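Me: Please give me a close look at a single loop position in this model, and then work outwards to how the helices are packed. I am happy with angles, distances and residue lists, as long as you connect them for me.

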Amino acid sequence: MEKHKTVGFTAMKDGTVQDYKIIAANDEATAQALPKRLIAHLQEMAEDDGAYKISRLEHVLQCATRVHESKADDDWIIAGLFHDIGDILAPYTHGQVAAEIIRPFVREEVCWVVRNHGTFQMFYNVSLTEEERNSRDRFKEHPFYQYAVDFCEKWDQNSFDPLYNSKPLEFFIPIIQRVFTRTPFSV
């Protein structure tokens, strides 16, 4: 295996133009491999069930399948697939983590919904106080409020069914590749 080029500095302030060209080339290769790494992380989600009747992977596959069957576009399918990707790494801020992963590649309203879906999901948690359950109301005047209500109601909160016939991850790979190879922030 060929060793890749590395920079000559040990402190960034000592870097040369050539050093920063090496870094830029590495960053480009890293960006090109993003779909592959995201798919691998989705596959890892099969190992955790979060105490649900299905794995975290199956949950996002169900959600994405529902999005697809409703004829929504690729951005919303990506939201369905990746809205919970931060669950294991950032259980208290999973929506924010997921939103930052998809933000360069999807429309603003999709990113906003993914960022805030945890607050909107609280509506369904009967163990919470009425005030906690309705915490989404603080967003009532936000232009993307209804998108979040609809995402949670139609696609997310009902995607924990062990008998649901979701599409396999392989079905979504072309969509993942298409979206995550877009020019960032061009949507």
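**From one loop to the helix packing**

Reply: Let's start with Leu 163, which sits in the loop that links α8 (145-156) to α9. This is a predicted model, so everything below describes a computed structure. Is Leu 163 buried or exposed? Its relative accessibility is 78%, and the cut-off for exposed is over 50%, so Leu 163 counts as exposed. How far is Leu 163 from His 94 in space? Their C-alpha atoms are 26 Å apart, and 69 residues separate the two along the chain.

His 94 makes a good contrast, so let's follow that pair to its other end. Helix α5 covers residues 94-102, and His 94 is one of its buried residues, together with Gly 95, Ala 98, Ala 99 and Ile 102. Why can these be said to line one face of α5? Looking down the axis of α5, the buried residues fall within an arc of 130°, and therefore they line one face of the helix. The general geometry helps here: with 3.6 residues a turn in an α-helix, residues three or four places apart point the same way. As for what covers the buried residues of α5, the list includes α4 (74-82) and α6 (108-121).

Now back to the loop of Leu 163 and the two helices it joins. Take α8 to begin with. It packs on α4 at an angle of about 65°, with 12 Å between the axes, and the crossing is right-handed. On the α4 side the contact uses Trp 76, Ala 79 and Gly 80, and on the α8 side Tyr 147, Phe 151 and Trp 155. Sorted by class, the α4 and α8 contact has 5 nonpolar residues, 1 polar and no charged.

α4 also leads on to α3 (56-69). The axes of α3 and α4 come within 7 Å and cross at roughly 165°. Angles over 145 degrees count as roughly antiparallel, and α3 and α4 are therefore roughly antiparallel to each other. This crossing, too, is right-handed. From α3 the contact draws on Val 60, Leu 61, Cys 63, Ala 64, Val 67 and His 68, and from α4 on Trp 76, Ile 77, Gly 80 and Leu 81. These residues split into 8 nonpolar, 2 polar and no charged. Trp 76 and Gly 80 of α4 appear in the contact with α3 and also in the contact with α8.

The other helix joined by the loop of Leu 163 is α9, which spans residues 169-179 and packs against α2. Their axes are 10 Å apart and the packing angle is about 150°, which makes α2 roughly antiparallel to α9. α2 passes α9 in a right-handed crossing. Pro 35, Ile 39, Leu 42 and Gln 43 of α2 touch Leu 169, Ile 173, Ile 176 and Gln 177 of α9. That contact has 6 nonpolar and 2 polar residues, with no charged ones.

From α2 (34-44) it is a short step to the loop leading to α3, where Tyr 52 is found. Tyr 52 has a relative accessibility of 44%, so it counts as partly exposed. Its C-alpha atom is 7.0 Å from that of Phe 160, although the two positions lie 108 residues apart along the chain. Ala 51 is in the loop between α2 and α3 as well. What is notable about its backbone? Phi of Ala 51 is positive, about 75°, although the residue is not a glycine. With 73% relative accessibility, Ala 51 counts as exposed.

The loop between α3 and α4 holds another case, Lys 71. Its phi is near 70°, again a positive value in a residue other than glycine. Lys 71 has 73% relative accessibility and so counts as exposed.

Stepping back to the whole chain, there are 9 helices and 0 strands. The C-alpha trace spans about 60 × 35 × 30 Å along its principal axes, and 42% of the 187 residues count as buried. Among contacts between residues at least 6 apart in sequence, 63% join residues at least 24 apart.

Key
Residues are numbered from 1 along each chain as its sequence is written. This is a predicted model: local features need pLDDT of at least 70, side-chain atom pairs count only at pLDDT 80 or more; totals for chains, interfaces and linings use all residues. Side-chain values use heavy atoms; hydrogens and water are left out. Buried means under 20% relative accessible area, exposed over 50%, partly exposed in between (1.4 Å probe, protein chains only). Helices (H or I, at least four residues) and strands (E, at least two) are DSSP runs, numbered from the N terminus. The arc is that of the directions from the helix axis to the C-beta atoms. Contact means heavy atoms within 4.5 Å. Axes are lines fitted to C-alpha atoms, for helices over the stretch in contact, and angles run from 0 to 180 degrees between N-to-C directions. Angles under 35 degrees count as roughly parallel, over 145 as roughly antiparallel, 65 to 115 as roughly perpendicular and the rest as oblique. A crossing is left-handed if the near helix is turned anticlockwise from the far one by less than a right angle, and right-handed if clockwise. Ala, Val, Leu, Ile, Met, Phe, Trp, Tyr, Cys and Pro count as nonpolar, Asp, Glu, Lys and Arg as charged, and the others, Gly among them, as polar.
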